[in-house]
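Work through the exercises below with the sequence and the model side by side, and attempt each task before reading its solution.

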Amino acid sequence: MIHGMILGKFYPVHKGHLYLIEEAKKHCDRLTVLCGSIQRELIPGSLRVEWLRQLIGDDKTTVISITDENPQFPEEDPNFWEIWKQSILSRLEVAPNIVFSSENYGEHLAQVLGASHLCFDLDRKKVPISASRIREAPLLHWEFIPELIRPYFLKRVVLTGSESVGKTTLAKRLADEFETNWIPEFAREYLESKPSPMTVDDFLPIAKGHLQSEIEASKTANKFLFLDTDHLTTKIYLHHYFKSEDPWITKLAKNLYYDESLLLDIDIPWVADSLRDLGNEREYMKQLFVDEMKRANRSFKMVKGNFTERESFAIEVIKSLESKPMEPKYFGIDQIQLRSLE
């Protein structure tokens, strides 16, 4: 039986990795994919392993995690290769006969393990991408990111502010402009279908429903995802109407990561409807939102002017996100999914 092995960081997994794995399967009876990670890296190793298992899982392939805090380059330690040899062999029941790679180090690694080596696409002609390029600007290399893991790299943009400031209108326009999804305010949908008046008990279902909407919309979003309000808004109105606080809502309000927040000003006419009752408190509510954003350490851009001016300003802000590098996600949506909706 030919036992093949691939060692990588998969930081992140991309379509070049998947090409390597599929080619390797053709040349062995059993394939072990080792995913190495260290604590300081922005994407948790456990998440990369989960991605790999979902993307390539079959009876022939096994994905194993290596979390040893090993040196990352040979020049860091004179015993570099021996350290890695011990880490690798300690994870395997059977040593590999063949090592597959798309890297220059593959030949040396195979020699250390007493295996043969087969290299694929070293010059990146088949799949012209690297993990470092994706980390530097995920949106510019979107086509090389597997659909399963794109939600992790989405740039999430929240439109927030008090009542009747044009959040829904702007969210729709931005989604059209960037050909992607937007998430309507879940509270409106929930309350419009509720036959009785709003109570304090409605806020937790609203918060969970909004989060579920975000999770679902992220699965098919194209580079950006626009949110009409967020959990900070739910927290604000819970306190404003009922002088109450819910720990789960507060946790989400403070810790969910967003790439940009647009706070819409009150300089457009008030439009009354059945769910709006704060027309005489617009200045107070605006300041309340500003204060809460600052308390949550959320940076934001104030959006002013008529609808055309607002749209033009917002589009320029969003375009500036396209070349931004991957950033740490203290409480990203993927972690929320793994914990489930408690």
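The exercises that follow treat a buried position, the nonpolar cores and some backbone features.

This is a predicted model, in which local features need pLDDT of at least 70 and side-chain atom pairs count only at pLDDT 80 or more, while totals for chains, interfaces and linings use all residues. Residues are numbered from 1 along each chain as its sequence is written, and side-chain values use heavy atoms, with hydrogens and water left out.

**Exercise 1.** Locate Glu 292 and describe its surroundings.

Solution. Begin with helix α12 (residues 282–295), where Glu 292 is found; helices are DSSP runs of H or I with at least four residues, and strands are runs of E with at least two, numbered from the N terminus. Next, Glu 292 counts as buried because its relative accessibility is 12%, buried meaning under 20% relative accessible area, exposed over 50% and partly exposed in between (1.4 Å probe, protein chains only). Finally, leaving aside neighbours within four places in sequence, Glu 292 is in contact (heavy atoms within 4.5 Å) with Leu 232, Lys 235 and Ile 236.

**Exercise 2.** Identify residues with the most contacts inside the largest nonpolar core.

Solution. The largest nonpolar core, a set of buried Ala, Val, Leu, Ile, Met, Phe, Trp, Tyr and Cys residues joined through side-chain atoms within 4.5 Å, has 80 residues, and Leu 159 and Phe 226 are among those with the most contacts inside it. A second, separate core of 15 residues includes Trp 81 and Trp 84.

**Exercise 3.** Characterise the backbone at Pro 12 and Glu 179.

Solution. The Tyr 11 to Pro 12 peptide bond is cis, with omega near 5 degrees, and Pro 12 lies in the loop between β1 (3–8) and α1 (15–25). Glu 179, a residue other than glycine, has a positive phi near 50 degrees.
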